[in-house]
Amino acid sequence: MKKIGWIGLGSMGMPMAKNLLKAGLPLFAYNRTAEKAETLSKDGAKALSSPKETAEQSDIIITMLANASAVKDVLEGEEGMLAGLNSNKIVIDMSTVSPEDSKVFAEKVRKAGAHFIDAPVSGSVKPAEDGTLLILAGGDKQDVEQVQYIFDVLGKKTIFFGENGKGSAAKLSINLLLGVAVQGISEAMLLAESAGLNKNDVIEMISESAVNTPIFQMKKESFLKEDFPAAFMLELMSKDLGLITDEAEKNHIGLPLAKAADKVYASAKENGKGKMDLAAVFLELKQGTRI
C-alpha cells in the first residue's frame with residue numbers, strides 16, 4: 001500500500017487527513033506548527049519533522065496550504081520537499097493558488113523527477129469532515145487515475161480539467177461564483193432590512209423562489225442571527241478574489257462583478273472580519289461600505 005504524506009493541517013487539511021486515516025491509509029504528517037501533526041498522530045499518523053522527510057518517507061505527498069507563498073516555502077525552503085523527491089513520487093497540491101503558480105510548481109517537481117497534480121477543492125469545513133468535497137484536478141490523466149482512490153475518500157466527485165494549472169483555474173472560477181453569490185445574498189438581505197421587512201419572511205421568500213441555492217440554505221441562519229462563525233474564512237475569499245482579478249487582467253477579460261466583490265471583501269478583511277465566515281461581508285455592507 002502506498003504511503004501518503006500530508007503537509008498543512010489547517011481547518012480544511014486536518015479533517016481531510018483524518019478521513020484518510022479512517023479509511024485505513026498509511027499517513028505521515030508535517031505541519032509548521034508541530035503540535036497539529038502530533039495531534040494527528042493520536043489518530044494513527046506518524047508526525048515528521050520536515051517537508052523533506054515527508055517527501056522521502058511517502059509515495060504520494062499532499063499539500064493543503066493557505067497560499068502560493070506557503071507552497072513555495074514547503075517545496076523550496078530549507079529541508080524542503082524537492083530534496084526528497086524522485087521519479088516514483090506524486091505531489092498533489094490541494095491549495096488554492098493561481099494557475100501560473102501551479103504550472104511553476106509542476107515544473108519544479110518535474111525537474112526533481114516526480115509528478116505533480118493541482119487538485120484544489122470546492123467545499124468548506126463540513127464537506128471536508130464528511131468527505132464530500134468536489135475535487136478539481138489538473139495534470140497528467142494517468143497520474144490522476146493513480147491517486148483516484150485517495151480523491152474518492154476526500155470527495156464526492158473528481159472532475160479532471162486537463163493539464164497542470166487547469167485545476168487551479170477551475171477553482172478560481174467556482175470561487176468567483178461563490179464570492180459574488182454570497183455578496184448578492186448579503187445585498188438582498190440588506191435591502192430588505194432597510195425596507196423594514198421581517199428577516200424570517202425574507203428568508204422564506206428566497207427559500208421558495210427560483211434563486212434559492214444550497215449556499216443560501218447553508219448561510220441563512222447566519223444572516224438571521226448576524227453571527228458568522230467561519231466555515232470558509234472571509235480572508236481566504238479575499239485572497240482568492242485578488243487572484244481572480246489578477247487573472248482577468250492578465251487574460252484581458254472584463255469581470256466587473258469580481259472587481260466589485262474584491263473591493264468589498266478586501267474592505268471587510270481590513271476592518272477585522274477576515275477570520276469570520278465569508279458571509280460576514282453582510283456586516284461590512286451594513287456598516288456602510290461603498291463600492
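Helices here are DSSP runs of H or I with at least four residues, and strands are runs of E with at least two, both numbered from the N terminus. Counted that way, the chain has 14 helices and nine strands. Please keep in mind as we go that this is a predicted model.

Let's start with the overall form. The C-alpha atoms of the chain fill a box of roughly 65 × 45 × 35 Å along the principal axes. Is that in keeping with a compact globule? To put it as a better question, what radius of gyration would a compact globule of 291 residues have, and what does the chain have? The expected value is near 19 Å and the chain has 20 Å, so the two agree. The contacts add to this picture: among those between residues at least 6 apart in sequence, 67% join residues at least 24 apart.

The surface and the charges come next. About 13,600 Å² of the chain is accessible, and 52% of that area belongs to carbon and sulfur atoms. The chain carries 34 positive and 39 negative charges, and the mean positions of the two sets are 1 Å apart. As for the interior, 51% of the 291 residues count as buried.

Now step inside. In soluble globular proteins, nonpolar side chains tend to be buried together. In this chain, the largest nonpolar core has 34 residues, and Trp-6, Met-16, Ile-92 and Met-94 are those with the most contacts inside it. Helix 1, residues 13–22, supplies the largest share of this core, with five residues. Apart from this core lies another, of 31 residues, which includes Val-182, Ile-185, Leu-234 and Ala-268.

Met-16 is a good place to look around from. Which residues does Met-16 touch, once those up to four places away in sequence are set aside? They are Trp-6, Met-64, Met-94, Val-121, Ala-128, Leu-133 and Leu-154. Two of these names, Trp-6 and Met-94, were listed above among the residues with the most contacts inside the core.

From there, turn to strand 4, residues 60–63, where Thr-63 is found. Is Thr-63 buried or exposed? Its relative accessible area is 2%, and the limit for buried is under 20%, so Thr-63 is buried. Leaving aside neighbours within four places in sequence, Thr-63 is in contact with Ile-7, Val-74, Met-81, Ile-92, Asp-93, Met-94 and Ser-95. Among these partners, Ile-92 and Met-94 also appear in the list of best-connected core residues.

The loops have their own points of interest. Ser-50 lies between strand 3 (46–47) and helix 3 (51–57). At 7% relative accessibility, Ser-50 counts as buried although its place is in a loop. Beyond its neighbours within four places in sequence, Ser-50 is in contact with Tyr-30 and Glu-79. The C-alpha atoms of Ser-50 and Gly-77 are separated by 10 Å, with their positions 27 residues apart along the chain.

That contact leads us to Glu-79, in the loop between helix 4 (68–76) and strand 5 (90–93). Glu-79 is not a glycine, and yet its phi is positive, at about 65 degrees. With a relative accessible area of 43%, Glu-79 is partly exposed. Glu-226 also has a positive phi, near 55 degrees, in a residue other than glycine. Glu-226 sits in the loop between helix 11 (214–225) and helix 12 (234–250), and at 27% relative accessibility it counts as partly exposed.

Another loop residue is Gly-24, placed between helix 1 and strand 2 (27–30). Gly-24 counts as partly exposed, at 47% relative accessibility. Gly-24 and Gly-44 are 20 residues apart in sequence, and their C-alpha atoms are 9.2 Å apart in space.

Let's finish with a proline in a helix and a glycine after one. Pro-127 is found in helix 6, residues 125–130, and at 16% relative accessibility it counts as buried. Setting aside residues up to four places away in sequence, Pro-127 touches Thr-132 and Leu-133; Leu-133 is also one of the residues that Met-16 touches. Gly-288 has its place in the segment after helix 14 (281–286), where it is partly exposed with a relative accessible area of 33%.

Methods. Residues are numbered from 1 along each chain as its sequence is written. This is a predicted model: local features need pLDDT of at least 70, side-chain atom pairs count only at pLDDT 80 or more; totals for chains, interfaces and linings use all residues. Side-chain values use heavy atoms; hydrogens and water are left out. The radius of gyration is taken over C-alpha atoms; the globule rule is 2.2 Å times the number of residues to the power 0.38. Buried means under 20% relative accessible area, exposed over 50%, partly exposed in between (1.4 Å probe, protein chains only). Contact means heavy atoms within 4.5 Å. Accessible areas come from the Shrake-Rupley method with a 1.4 Å probe; for residues, only the protein chains shown count as cover. Lys and Arg count as positive and Asp and Glu as negative; His and the chain ends are not counted. The place of a charge is taken as NZ of Lys, CZ of Arg, CG of Asp or CD of Glu. A nonpolar core is a set of buried Ala, Val, Leu, Ile, Met, Phe, Trp, Tyr and Cys residues joined through side-chain atoms within 4.5 Å.
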